[in-house]
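Grab a viewer and work through a few exercises on the structure below. Try each task yourself before you read its solution.

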Amino acid sequence: MVSLISTSPPSSSFNIHPFFSPRGVQFRHNCVNYKRKTVRCAVTSADASPPPSTSLAKEPHKYFDHVIITVRAGDGGHGAVLNQQQQQQQQQQQGKTKLKKGKGSLKRDFDGSLILPMGGHGGDVVLYADESKDTLLEFHNKGRYHAKRGGNVDAMGVLTSMLRDGLAAPTLRIAVPVGTVVKSKRGKMLADLAQPWDEVLVARGGQGGISLLEMPQHKRKKMMALTTNVMRDDSDKVLIHGQPGEEVKLELILRVVADVGLIGLPNAGKSTLLAAITLAKPDIADYPFTTLMPNLGRLGGDPSLGAGMYSSEATLADLPGLIEGAHLGKGLGRNFLRHLRRTRLLVHVVDAATENPINDYRTVREELRMYNPEYLDRPYVVILNKIDLPEAKDKLPSLTQEIMRIGNDGAASDPKPSPEVLDPLSDETDRKEKRLEDYPRPLSVVGVSVLKGIRINEMLKEIRSALRKCSDSKEALAFSVPP
């Protein structure tokens, strides 16, 4: 900012304002005409927003599924202090004689009491699930949302029949991805928006203020019979103010909504598998950790079901690769494992051409057990990928037999008994640490080459068969639970 300082004609006394710093500006008392001097100062705006974080653009996979925002509902509109005496004087001055007998110009309730206008209700804040949204990245750029306040009573201090309530503010609707879990800052669960157009009210707008009648002392007792909204003294003016809206901090956690979760080590071929059987186009490369965020694809229905093929469609989620120690934060960490929580079926993709595929299979299963043992109780299918390579083709039968030996005969899709019939002694057994051999074995093991298109139909047949078993067990569980 540039400011020009012009001097006044010389005088016997020259005063400098105490808040003005004369540093860098020279004054000549002996000259008749003073020169103009330029003072350059840097002004910083208080409303200037900080520059956007570069880490958000470089590493979106760390921020896409978790954010904390602040929402504030709108304040209520204000009421008004009305004076009926002024209205009567105006009517007398204008000579109004058109009023019919027995009919007043003021609005009244069914019991004859006066209806006084109120300020408008403040806008509420609602979160709703939108299918067009897939990440929470936009909330990192704007972390505060404020609904509009309610309208005030439009009055000039005169009680007339034309008075109306203040306008209610519109509801602020914020779109979030399907599968978003909404929690308060203290961790209390508010809603799980798992279906499209699910919504939750997170902050209520303030109530509008009431209107008060200002009456002379001798008429106050008579008006109290008609309405209690009579101002007794100046302390009652606080009632005309609208109430403030609620302000809350919310924690948003995205859990991908999918029927099938693809898991495995990096470069096992999960993204290639997703691109081969769905219309998804994930990033595919020959280096590890190509997938940084979950990719979704839609698997078509089973053609053998005829008209029911559309009800057998499923959503697949390709998760970033896991490595040993992922539950401790190694690699991309354990945060992506939360996206398996909604899946019904797991598809474990194993690179059959590596040096030790069985060890790779155990590594991923162990990471799931360390994160959430319930994941190992879910039905799953093992896909041995890259069997077109010679080193994988020769050992395919032995790999299939060895993987089927890891686990017990307990069916993962069997319905569990309701909590009412659980034996209390079984809690002690559940708390004991299980090994991988104590969990159910896979429903099937299929060798494929996704890149070459070998045995893709057989793989799809096994996946759809496993999904049908999940649906049947879910229905059986629903019938087993007592009403």
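What follows is a set of short tasks, each with a worked solution.

Before you start: this is a predicted model, where local features need pLDDT of at least 70, side-chain atom pairs count only at pLDDT 80 or more, and totals for chains, interfaces and linings use all residues. Residues are numbered from 1 along each chain as its sequence is written, and side-chain values use heavy atoms, with hydrogens and water left out.

**Exercise 1. Find out how far the predictor trusts its own chain, and where pLDDT drops below 50.**

Step 1: pLDDT is the predictor's confidence in each residue, from 0 to 100. Its mean over the protein chain is 75, and 63% of the residues reach 70 or more.

Step 2: Now look at residues 1–31. The pLDDT there is below 50, yet beyond near neighbours in sequence this stretch has 31 contacts in the model (contact means heavy atoms within 4.5 Å).

Step 3: Residues 96–104 also stay under 50, and for them the model has two contacts beyond four places in sequence.

**Exercise 2. Work out the strand order of the five-stranded open sheet and name its edge strands.**

Step 1: Get the rules straight. Helices (H or I, at least four residues) and strands (E, at least two) are DSSP runs, numbered from the N terminus. Two strands pair if DSSP finds at least two bridges between them.

Step 2: Read off the order, which is E6-E3-E12-E8-E9, with mixed pairing. The edges are E6 (144–146) and E9 (189–193), each of which pairs on one side only.

Step 3: Zoom in on E3 (residues 66–72) and E12 (residues 247–254). They run antiparallel and are joined by seven bridges. Across this pair, Val67 stands opposite Leu252 in E12.

**Exercise 3. Which residues of helix H5 are buried, and how are they arranged around its axis?**

Step 1: Use the cut-offs: buried means under 20% relative accessible area, exposed over 50%, partly exposed in between (1.4 Å probe, protein chains only). In H5 (residues 270–277), the buried ones are Lys270, Ser271, Leu273, Leu274 and Ile277.

Step 2: Look down the axis. The buried residues fall within an arc of 160 degrees, so they line one face of H5. That arc is taken over the directions from the helix axis to the C-beta atoms.

**Exercise 4. Take three salt bridges and say what each one connects.**

Step 1: Count them. A salt bridge is a side-chain nitrogen of Lys or Arg within 4 Å of a carboxyl oxygen of Asp or Glu, and the count comes to 12.

Step 2: Start with Glu247 and Arg144, whose closest N and O atoms are 2.9 Å apart. Glu247 sits in E12 and Arg144 in E6, so the pair ties together parts that are 103 residues apart in sequence. Glu247 is partly exposed at 41%, and Arg144 is partly exposed at 45%. These two also belong to a salt-bridge network with Arg72 and Asp75.

Step 3: Next, Asp351 and Lys386 come to 3.1 Å between their closest N and O atoms. The link runs from E16 (residues 345–351) to the loop between E17 (380–385) and H7 (390–393), with 35 residues separating the partners. Asp351 is buried at 14%, whereas Lys386 is partly exposed at 25%.

Step 4: Finish with Arg369 and Glu366, at 2.4 Å. They are three residues apart in H6 (residues 357–371), so about one helical turn separates them. Arg369 is buried at 12%, while Glu366 is partly exposed at 26%.
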